[in-house]
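This report describes the nonpolar packing of one protein chain and the helix that takes part in it.

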Amino acid sequence: MVFEFERQLLDFLGESISTEDETVGFRYFDGRDLLGFVDGTANPDAQDLNKTVCISAEDDPAAAGGCYIVVQKYVHDMGSWAKLSTEEQQNVIGRAKFDNIELSDAPASQQKAHKTLATVVNKYGEECEILRDNMPFGNPGQRVFGTYFIGYCKDLWVIEKMLERMFIGDPPGKYDKILDYSKAVTGAIFYAPPARVLQLLDN
């Protein structure tokens, strides 16, 4: 269905656009990424999706029902990652590899794991959720392996803060060690308007 939608969309748009990058993802085992860990564990429950992902009428009446989408293409250095012991990999991610149990957080002044740096709280100390729909991708013949990060949120600052914590660190300098093995090669931010706005385009 997704393939057919893409084909029809490109036929409709014709020469008005050009393809800069095309990455085909897939589901891997029990929702794991190619690094071997379960991905998207912190996603909100189904009943909370709308309030997590969609802009509310209270926040912005004109944009109510829309959302922001952030995408990044990460390429993994699988050779270097494989040289780490399972314990070292778990310390980088912050979860147990086999059963996906969260590990204890490091003290505030020490190196934090990926799961901690990717967690953002607001001024009230409440955790700010996003919807992650990451997809593994790869081409074994060309030795290319990676993760296509796809994040949906109603407040763009949440993902921006998450990336700041990952790339700059908390405290600054203690960046996310997953970046030693996974390099972001592309990235973009999109705004998905509500359906009623798209319907107006026909008028």
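## Core packing around Met162

In this predicted model, Met162 touches Leu117, Ala118, Val120, Ile130, Arg132 and Phe149, leaving aside residues up to four places away in sequence. Met162 is also, together with Trp81, Ile130 and Ile159, among the residues with the most contacts inside the largest nonpolar core, a set of 23 residues. The elements listed below each give two or more residues to this core.

| Element | Residues |
|---|---|
| β1 | 67-76 |
| α4 | 86-93 |
| β6 | 144-153 |
| α6 | 156-167 |

The greatest contribution to this core comes from α6, with six residues. Apart from the largest core lies another one of seven residues, including Val53, Cys67, Ile69 and Val71. In soluble globular proteins, nonpolar side chains tend to be buried together.

The helix α6 consists of twelve residues. Its first and last C-alpha atoms are 17 Å apart, close to the 16 Å expected at 1.5 Å a residue. Buried positions in α6 are Leu156, Val158, Ile159, Met162, Leu163, Arg165 and Met166. An α-helix has 3.6 residues a turn, so residues three or four places apart point the same way. Just after α6, Gly169 adopts a positive phi of about 105°.

As for the annotation, an unreviewed UniProt entry places the feature "domain: Dyp-type peroxidase C-terminal" at residues 31-195. Over residues 31-195 the chain is 21% helix and 25% strand, and the end C-alpha atoms of this stretch are 30 Å apart.

Technical notes
Residues are numbered from 1 along each chain as its sequence is written. This is a predicted model: local features need pLDDT of at least 70, side-chain atom pairs count only at pLDDT 80 or more; totals for chains, interfaces and linings use all residues. Side-chain values use heavy atoms; hydrogens and water are left out. UniProt positions are given in the numbering used here, feature names are shortened, and annotations may be inferred rather than shown by experiment. Helices (H or I, at least four residues) and strands (E, at least two) are DSSP runs, numbered from the N terminus. A nonpolar core is a set of buried Ala, Val, Leu, Ile, Met, Phe, Trp, Tyr and Cys residues joined through side-chain atoms within 4.5 Å. Buried means under 20% relative accessible area, exposed over 50%, partly exposed in between (1.4 Å probe, protein chains only). Contact means heavy atoms within 4.5 Å. The expected span of a helix is 1.5 Å times one less than its number of residues.
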